[in-house]
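Visitor: I have a fold in front of me and would like to walk through it with you. Could you show it and take my questions one by one?

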Amino acid sequence: MSLNELSQVKVSGGRLLRVEHLSTACQSQMTFALFLPPQAGKQLGKNKVPALYWLSGLTCNDENFSQKAGAFALAAKLGMAIVMPDTSPRSANVEGENDSYDVGTGAGFYVDATQAPWSTAYNMYSYVTQELPALIQNHYCVNETSSISGHSMGGHGALICALKNPEKYASVSAFAPITSPTQCPWGKKGFSTYLGGDESVWEQWDANQLVQKNHALGLAPQAMLIDQGTSDPFYKDQLMPELFNSTCERLEYPIDYREREGYDHSYYYISSFINEHLRFHAAHLGLQVDL
């Protein structure tokens with residue numbers, strides 16, 4: 001696959017790249033950012049490092065996290081790559097994709113769409129879990145050991161990717177995730193658009209439902225960290241953390257839930273606690289944490 005490197009800068013001793021490529025899953029040009037710590041080799045096949053995949057939220061792209069989270073200094077010390085994909089296709093030319101902020105451009109919801117015209121390009125789940133990791137591992141000194149995290153819509157994405165692929169991710173964390181999208185306005189709008197009107201189909205893309213499914217199948221719980229600010233304006237109507245927490249408590253599904261008094265939904269909040277998440281993932285990626 002041909003890659004077009006848009007930029008490369010040195011940061012915290014490592015390298016931050018922005019790369020464009022033609023995506024098979026999304027049938028369009030996609031852009032991702034990649035932070036490679038100084039431990040990663042510059043010659044393919046040398047000194048491979050594990051990766052954290054970060055999924056951003058509504059209206060974001062591949063640059064929000066890299067510019068605002070302040071994660072690279074610790075990631076460099078830990079020897080952790082960070083992969084930051086876009087949140088949707090950008091050049092798919094799907095009718096209606098720019099009509100609203102919460103469906104279409106910047107709002108892929110990390111599902112594989114089944115409804116026309118979205119199903120040709122809006123396949124972010126396959127992109128994030130299959131196409132992108134294969135591309136990263138084939139072209140950079142990054143190994144198969146990975147964890148996943150995200151914010152808001154991206155927190156939803158991180159949770160469903162991990163719960164649907166328990167063997168693929170060593171750990172999962174989320175900042176202010178949409179944990180029950182079948183029950184909130186954002187999720188209902190996005191799912192009805194991408195997946196159609198049959199709400200039973202939506203359940204396979206809902207973390208609250210997937211936890212129950214995995215429990216019924218006897219699958220071992222993954223290491224899970226969820227972070228939530230108490231002053232988040234979307235707390236009550238869109239995020240509803242109590243619903244997911246009560247399900248996990250009832251099933252005795254272990255989660256590390258950290259409620260942050262007075263914090264909102266912004267990157268001020270994420271940057272305040274991102275290092276805790278990096279250390280959480282480092283412990284499960286086999287990296288030295290006490291740095």
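Visitor: How many helices and strands does the protein chain have?
Guide: Happy to start there, and please keep in mind that this is a predicted model. Both kinds of element occur in the protein chain. The count is ten helices and nine strands.

Visitor: Why can the protein chain be called as compact as a globular protein of its length?
Guide: The globule rule gives 19 Å for 291 residues. The value for this chain is close to that, so it is as compact as a globular protein of that length. In terms of extent, the C-alpha atoms fill a box of roughly 50 × 45 × 35 Å along the principal axes. The radius of gyration behind the comparison is 18 Å.

Visitor: What percentage of the contacts with a separation of 6 or more comes from residues 24 or more positions apart?
Guide: Let me set the scene with burial: 58% of the 291 residues count as buried. Among contacts in the protein chain with a separation of 6 or more, the pairs 24 or more positions apart account for 71%.

Visitor: What share of the accessible surface belongs to carbon and sulfur atoms?
Guide: The accessible surface of the protein chain comes to about 11,700 Å². Carbon and sulfur atoms make up part of that area, and their share is 46%.

Visitor: How many Å apart are the mean positions of the positive and negative charges?
Guide: The protein chain carries 19 positive and 29 negative charges. Taking the mean position of each set, the separation is 9 Å.

Visitor: Which helix gives the largest share of the largest nonpolar core?
Guide: In soluble globular proteins, nonpolar side chains tend to be buried together. Here the largest nonpolar core has 94 residues, and those with the most contacts inside it are Ile82, Ile136, Ile148, Tyr194 and Leu278. Eight residues of this core come from one helix spanning residues 267-285, and that largest share belongs to H10.

Visitor: Where in the chain is the cis peptide bond that leads into Pro117?
Guide: Most residues other than glycine have a negative phi, and most peptide bonds are trans. Pro117 lies in the loop between strand S5 (81-85) and helix H3 (124-139). Omega is near 0° for the bond in question, which runs from Ala116 to Pro117.

Visitor: Is Tyr110, with its positive phi, buried or exposed?
Guide: Tyr110 is not a glycine, yet its phi is about 55°. Its place is the loop between S5 and H3. Since the cut-off for buried is under 20% relative accessible area, the 0% relative accessibility of Tyr110 makes it buried.

Visitor: And what about Glu252, is it buried or exposed?
Guide: Glu252 also has a positive phi, near 55°, in a residue other than glycine. It is found in the loop between helix H9 (241-251) and strand S9 (256-260). Exposed means over 50% relative accessible area; at 71%, Glu252 counts as exposed.

Visitor: Which tryptophan does His156 contact, beyond its sequence neighbours?
Guide: His156 lies in helix H4 (residues 153-164) and counts as buried at 0% relative accessibility. Leaving aside neighbours within four places in sequence, its contacts include Phe109, Pro177, Ile178, Pro181 and Phe191. The tryptophan in contact with His156 is Trp205.

Visitor: How far apart in space are Leu239 and Pro177?
Guide: Leu239 lies in helix H8 (residues 235-239) and is buried, with a relative accessible area of 1%. Beyond its neighbours within four places in sequence, Leu239 is in contact with Pro177, among others including Trp186 and Phe234. The two residues are 62 residues apart in sequence, and their C-alpha atoms are separated by 6.3 Å.

Visitor: Which histidine does His151 touch?
Guide: His151 has its place in strand S6 (residues 142-151). It is buried, with a relative accessible area of 5%. Not counting residues up to four places away in sequence, it touches Trp54, Phe175 and Tyr267, among others. The histidine it touches is His265.

Terms used:
Residues numbered from 1 in each chain as written. Predicted model: local features only at pLDDT ≥ 70, side-chain atom pairs only at ≥ 80, totals over all residues. Heavy atoms only, no water. Helix = DSSP H or I, 4+ residues; strand = E, 2+ residues; numbered from the N terminus. Rg over C-alpha atoms; globule rule 2.2 N^0.38 Å. Buried < 20%, exposed > 50% of the residue type's maximum accessible area, 1.4 Å probe, protein only. Contact = heavy atoms within 4.5 Å. Areas by Shrake-Rupley, 256 points an atom, 1.4 Å probe, with all protein chains shown as cover. Lys, Arg positive; Asp, Glu negative; His and termini not counted. Charge placed at Lys NZ, Arg CZ, Asp CG, Glu CD. Core = buried A, V, L, I, M, F, W, Y, C linked by side-chain atoms within 4.5 Å.
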